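Q: I'm new to this structure and would love a close look at a single part of it. Could you walk me through one sheet and then show me how it fits with what lies around it?

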Amino acid sequence: MSDPLPEREHALDLLHQMLRIRRFEEKAAELYTQERIRGFLHLYIGEEAVAAGVMATLRPDDAVVGTYREHGHALLKGVSAASIMAEMFGKQEGCSRGRGGSMHLFDAKARFYGGNAIVGGGLPLAVGLALADQRAGLSRVTVCFFGEGAMAEGEFHESMNLAALWRVPVLFVCENNRYAMGTALERSESETDLVRHAESYRVPARAVDGMDVVAVEAAAREAVEHVRAGEGPRFLEAQTYRFRAHSMFDAQLYRDKHEVEQWRGRGPIVRLQTRLREAGWLDDDALEAIEARVRQEVADAVAFAEAGTWEPVEELLRDVYTEVPR
Amino acid sequence: MSRTTYREAVRAAIREAMQGDPRVFLMGEDVGAYGGCYAVSMGLLDEFGADRVRDTPLSESAFVGAGIGAAMGGQRPIVEIMTCNFSLLALDQIMNNAATIRHMSGGQLSIPVVIRMATGAGRQLAAQHSHSLEGWYAHIPGIKVLAPATLEDARGMLPTALEDPDPVLIFEHAGLYNLAGELADDAGAVPIDRAAVRRAGDRVTLVTYGGSLHKTLEAAERLAGEGVEAEVIDLRTLRPLDDATIMASVRKTHRAVIVDEGWRSGSLAAEIVARIMEQALYELDAPVARVCSAEVPIPYAKHLEHAALPQVEGIVAAVRAQLG
Ligand SMILES: Cc1ncc(C[n+]2csc(CCOP(=O)(O)OP(=O)(O)O)c2C)c(N)n1
């Protein structure tokens, strides 16, 4: 049983948001092979429904903490495609002035707090951001995304316990794409039912089909409402799959092509498209109109990044400490 | 002037900060009901309540990271780690988050967190409770590292650290909490960007900080009895280092001995020697010497622990050797 589709405009917007991530990242991969983007590049392709579904439930002043696989989250939290692309080019017009790169996207105005490349490292930060809101009496929510690999880290357990003890307003979203680099879940967790880990800290938890954006949104909306109401943290496991390599350096020896093909067949974008067509809300022309908008956004982002400038080396030492006016 | 202790001076600083700014709160293991493992926060829970004096579970990484996150979210947390030995479990948060986020965000975010911890050896607690890690932390760009060694600094460094927009680590030598003396009734914030000359002299410069300051001052007194007037510099701030005060003294005395409770290899003492080489080599009349901890995990047995740490006799001997 699928959750009912939301109203038409919103359903089409979910498709639009997922396509923004997909096309943006396809372009990024291409630019990577051309060596315009360097460093590590972790693609989210296949997992778009998670970010799209969760972000649809947030307000602009809610906060997000992501991982190194965060282009999609940043984009949907309101960080501009242009500033993300420029960041990946290493240009000073990038959202982190070229100091962070793909893994460290930051945007204070959008309340997007990285871009954390230490597995598990973002969880304590999310607890702290939520604690700040709780102390200030603000009814804002902090959402923390991480992979299932992070659940074996001590920081996961410490953070769940602390968040639950102090009832801080955090939604923990585990993006279970079944592999931490090349290590399958069964090979890294003695208890593979991830929801039970969260429940052991008395954090209300549930799993959701992370390939179904409608289901993710419904589950996230319910969780966010409880969190915003001051009922403490929640945990959502989104069961998903990464279609591409872990990063651009990965021969994918740990899984067979057939498995990848099967998951691709149930990809989040195809899946929503099919439902929209069945509902009579989407035809080839309407889809092409969305694709054209996305193409334009991505092309503009690349043009912006190309036109961007290199920060002068004389500025190397800036932003290590805050400049205090004397 | 009033009689007080180092412990009470830190407590007075925390109390004043909490009274003055509702964003300030204290969190750490046993800071509340227990009163702090060194009794620094005794009484603060009753005075400020459990929202402002937060006992945390034994989760150094989570509560230090939460302090960083809360600072990023607009609060002014004071995070207490029982001792620097346990800070290793929070090293990821300190090094990979507190120290980097300002830079990685291209200057968008500041992390005004203060992290206090006890440091040092000397109480027969054996290797795992006797580390001096302030020199390690002083290696990291993006954080500031303080080592209050006097009542004035115990009282005054915290308010300045809280005003600072960036992460500040304060290392309180565990052997100093009972240090007693007179403190001005109006003692308050002190600068955290310069070293202090604690004793003037013209024959040799002794550079030190934290728990070693008092041993060094004692050594200087002994040397004075032999007619050797040593100048004693208390670094106070280990990052950024105040080179100017060190070099001014070396230019005057032409000799330097560094006293540092850290191990010799790759130490803060090594860094200071290097800076003297870079900036004042031709002023020297003798090679710079170091008195550091022996390269051994700090042993339990009293005589061995004593032998492993910088001591007054060793400092005096190093100065005599310098003078030839
Ligand atoms: C603390 C730490 N250990 C190891 C790594 C290297 N590493 C980067 S990503 C990764 C796998 C993480 O898997 P998961 O948390 O499931 O997230 P995914 O990459 O699947 O999105 C590893 C081991 C790291 N970045 N940080």
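A: Let's begin with strand S6 of chain B, residues 144-146, which is joined to S12(B) by 2 bridges, the two strands running antiparallel. In this pairing, B:Leu146 stands opposite B:Thr237 in S12(B). Please keep in mind that everything here comes from a predicted model.

Now step back to the whole sheet. In chain B, 7 strands make up an open sheet, in the order S3-S2-S4-S5-S7-S6-S12, and the pairing is mixed. The edges are S3 and strand S12 (237-239) of chain B, each of which pairs on one side only. From one strand to the next, the twist averages 20 degrees.

Just beyond the S12 edge there is a detail to look for. A cis peptide bond joins B:Arg239 and B:Pro240, with omega at about -5 degrees. B:Pro240 sits in the loop between S12 and helix H9 (243-253) of chain B. What makes this worth a glance is that most peptide bonds are trans.

Next, look at what packs on the sheet. H3(B) lies across S2, strand S4 (76-83) and strand S5 (114-119) of chain B, and it runs at about 165 degrees to S4(B).

This helix also leads us to the partner chain. Between chain B and chain A, 46 residues of chain B are in contact with 37 residues of chain A. Together the two chains bury about 3300 Å², with 59% of that on carbon and sulfur atoms. The interface also holds 24 residue pairs in polar contact, counting pairs with both residues at pLDDT 80 or more. On the chain B side, strand S2 (24-28), strand S3 (53-55), helix H3 (60-72), helix H4 (91-98) and helix H5 (101-104) each supply at least two of the residues that touch chain A. H3(B) gives the most, with 10 residues. By type, the residues on this side divide into 18 nonpolar, 17 polar and 11 charged.

There are 2 salt bridges across the interface. In a salt bridge between B:Asp51 and A:Arg135, the closest N and O atoms are 3.2 Å apart.

Crossing over to chain A, you will find another open sheet of 7 strands, ordered S2-S3-S1-S4-S5-S9-S8, again with mixed pairing. Strand S2 (106-107) and strand S8 (205-209) of chain A stand at the edges with a single partner strand each, so one side of each has no neighbour in the sheet. Further in, strand S5 (residues 170-176) and strand S9 (residues 234-239) of chain A run parallel and are joined by 6 bridges. There, A:Asn176 stands opposite A:Gln239 in S9(A).

Helices lie across this sheet too. Helix H2 (residues 48-55) of chain A lies across strand S1 (63-67), strand S4 (142-147), S5 and S9 of chain A, at about 170 degrees to S4(A). Helix H9 (residues 213-228) of chain A lies across S5, S8 and S9 of chain A, at about 160 degrees to S8(A).

Salt bridges appear well beyond the interface: a search of the whole structure finds 44 over all chains. One of them pairs A:Arg36 with A:Glu306, the closest N and O atoms being 2.7 Å apart. A:Arg36 lies in the loop between helix H1 (8-33) and H2 of chain A, while A:Glu306 belongs to helix H12 (residues 284-307) of chain A, so this pair ties together parts that are 270 residues apart in sequence.

One last stop: A:Asp319 is found in the segment after H12 of chain A. Its phi is near 60 degrees, a positive value in a residue other than glycine. By contrast, most residues other than glycine have a negative phi.

Technical notes:
Residues are numbered from 1 along each chain as its sequence is written. Chains are lettered from A and ligands numbered from 1 in the order in which they are written. This is a predicted model: local features need pLDDT of at least 70, side-chain atom pairs count only at pLDDT 80 or more; totals for chains, interfaces and linings use all residues. Side-chain values use heavy atoms; hydrogens and water are left out. Contact means heavy atoms within 4.5 Å. Buried area is the accessible area (1.4 Å probe) that two parts lose on being put together, summed over both. A salt bridge is a side-chain nitrogen of Lys or Arg within 4 Å of a carboxyl oxygen of Asp or Glu. A polar contact is a pair of N or O atoms within 3.5 Å; within protein, one must be able to donate a hydrogen and the other to accept it, and residues adjacent in sequence count only if both atoms are side-chain atoms. Helices (H or I, at least four residues) and strands (E, at least two) are DSSP runs, numbered from the N terminus. Ala, Val, Leu, Ile, Met, Phe, Trp, Tyr, Cys and Pro count as nonpolar, Asp, Glu, Lys and Arg as charged, and the others, Gly among them, as polar. Two strands pair if DSSP finds at least two bridges between them. Axes are lines fitted to C-alpha atoms, for helices over the stretch in contact, and angles run from 0 to 180 degrees between N-to-C directions.
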